[in-house]
Amino acid sequence: MVEITEVSKRFAAVKALDGVSLTVNRGEVVCLIGPSGSGKSTLLRSINGLEPIDKGTIKFEGIDVHGRGTDIRKIRQRMGMVFQSFELFPHMTVRANVMVGPEKVLRLPVAEAKVRADLLLAKVGLSDKADVHPAKLSGGQQQRVAIARALAMQPAVMLFDEPTSALDPETIGEVLNVMKRLADEGMTMVVVTHEMSFARRVADRIAVFDRGRIIEVGPPAQIFDHPTVQRTQEFLSHLGWDAISNAQF
Ligand code: ADP
Ligand code: MG
């Protein structure tokens with residue numbers, strides 16, 4: 001579904017991406033982990049065309065995302081993106097936030113957009129919040145609305161960039177649970193995360209970033225139990241990942 005080949009990207013003197021290749025298959029969950037500044041967000045942003053690249057190609061459903069003739073809006077419509085900051089529209093109700101994309105972009109009739117929004121709010125456990133404004137919600141609830149809003153466009157792939165990093169610890173688990181359910185339903189997902197217990201349980205494969213490169217890719221058991229690269233080991237032990245409580249998730 002996503003085929004990343006030898007992608008490089010520089011910001012002045014910084015090599016944000018340095019020859020990155022990665023394939024994401026339909027129905028697969030790939031987690032991107034690694035130290036801050038290693039290029040994870042830059043890669044995610046270039047997958048949906050938010051970030052131009054200097055070299056290499058990124059294909060989505062066979063189409064060159066950065067190709068000259070590519071209609072990037074069409075591509076973005078098929079990719080749901082969830083960021084650390086939820087960026088909901090503050091002046092709209094929760095339901096209206098989820099309806100706005102289907103209404104304005106997909107030109108769905110209001111009644112249909114409403115049915116879709118209510119189904120998705122039920123799915124993320126927020127049926128009772130449909131009529132309130134985002135400011136009334138906890139961070140975890142707002143992030144679940146953001147996920148529902150992305151799903152309302154019926155994307156082929158969901159891209160998550162540290163979706164729980166800005167949340168109070170007590171609301172992280174509810175967001176991870178929604179993401180796990182999505183994964184179980186077969187959604188194709190690329191997830192930048194520092195939640196190692198989530199990566200271990202949910203990822204089909206994990207890509208470890210270091211200084212703009214992917215230094216190791218493999219299933220969770222390889223990455224966590226038998227990393228083949230010294231720096232993977234160093235990153236994980238530095239994070240103390242096994243000290244992270246599994247209780248919340
Ligand atoms: P990560 O998400 O792994 O923390 P990023 O992809 O955000 O890393 O950043 C990779 C590198 O690129 C970092 O050194 C960062 O400072 C740099 N970088 C990212 N975005 C920009 C930008 N818009 N302008 C300048 N440098 C940037
Ligand atoms: Mg980042």
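When I say two residues are in contact, I mean that they have heavy atoms within 4.5 Å of each other. And when I say helix or strand, those are DSSP runs numbered from the N terminus, with at least four residues for a helix (H or I) and at least two for a strand (E).

Some housekeeping before the tour. This is a predicted model, where local features need pLDDT of at least 70 and side-chain atom pairs count only at pLDDT 80 or more, while totals for chains, interfaces and linings use all residues. Residues are numbered from 1 along each chain as its sequence is written, chains are lettered from A and ligands numbered from 1 in the order in which they are written, and side-chain values use heavy atoms, with hydrogens and water left out.

OK, let's start with the helices. Which residues of H5 meet H6? On the H5 side we have Gly139, Gly140, Gln141, Gln143, Arg144, Ile147 and Leu151, and they touch Thr171, Glu174, Val175, Val178, Met179 and Leu182 in H6. If you sort that contact by class, you get six nonpolar, five polar and two charged residues. For the record, Ala, Val, Leu, Ile, Met, Phe, Trp, Tyr, Cys and Pro count as nonpolar, Asp, Glu, Lys and Arg as charged, and the others, Gly among them, as polar.

How do these two helices sit? The axes of H5 and H6, which is residues 169-184, come within 7 Å and cross at roughly 20°. Those axes are lines fitted to C-alpha atoms, for helices over the stretch in contact, and the angles run from 0 to 180 degrees between N-to-C directions. So H5 is roughly parallel to H6; the cut-offs are under 35 degrees for roughly parallel, over 145 for roughly antiparallel, 65 to 115 for roughly perpendicular, and oblique for the rest. The crossing of H5 and H6 is right-handed, meaning that the near helix is turned clockwise from the far one by less than a right angle, with anticlockwise being left-handed.

H5 has another helix to deal with. H3 (residues 94-104) packs against H5 (residues 139-151) at an angle of about 25°, and their axes are 8 Å apart. That makes H3 roughly parallel to H5 as well, and H3 passes H5 in a right-handed crossing. Val94, Asn97 and Val98 of H3 make this contact with Val145, Ala148 and Arg149 of H5. Here the classes come out as four nonpolar, one polar and one charged.

Is H3 mostly covered or mostly open? Mostly covered, with eight of its eleven residues buried. Buried here is under 20% relative accessible area, exposed is over 50%, and partly exposed is in between, using a 1.4 Å probe and protein chains only. Among the buried ones are Arg95, Met99 and Pro102, and what covers the buried residues includes H4 (110-123) and H5.

Right in the loop between H3 and H4 you'll find Leu106, which counts as partly exposed at 31% relative accessibility. Leaving aside neighbours within four places in sequence, Leu106 is in contact with Gln77, Gly101, Arg116, Ala152 and Met153. The C-alpha atoms of Leu106 and Met153 are separated by 7.6 Å, though the two residues are 47 apart along the chain.

Now the strands. In general, strands of a sheet pair through backbone hydrogen bonds, either parallel or antiparallel. I'm calling two strands paired if DSSP finds at least two bridges between them.

The open sheet has four strands, in the order E2-E1-E4-E5, with antiparallel pairing. E2 (14-24) and E5 (63-64) are at the edges with a single partner strand each, so one side of each has no neighbour in the sheet. Eight bridges link E1 (residues 2-11) to E2, and Ile4 stands opposite Leu22 there. On to E4: five bridges join E1 to it, with Thr5 partnered by Thr57. Then two bridges take us from E4 to E5, where Lys59 faces Asp64 as its opposite. The E4–E5 hairpin has two residues between the strands, and Glu61 takes a positive phi near 50°. Lying across E1, E2 and E4 (55-60) is H1 (residues 40-47), at about 60° to E2.

Last stop, E7 (residues 157-161). Five of its five residues are buried, so E7 is largely enclosed by the rest of the structure. Val157, Leu159 and Asp161 point one way, with Met158 and Phe160 pointing the other. E7 pairs in the parallel sense with E6 (residues 79-82) over four bridges, and with E8 (residues 188-192) over five, again parallel. Met158 is the bridge partner of Gly80 from E6 and of Met189 in E8.
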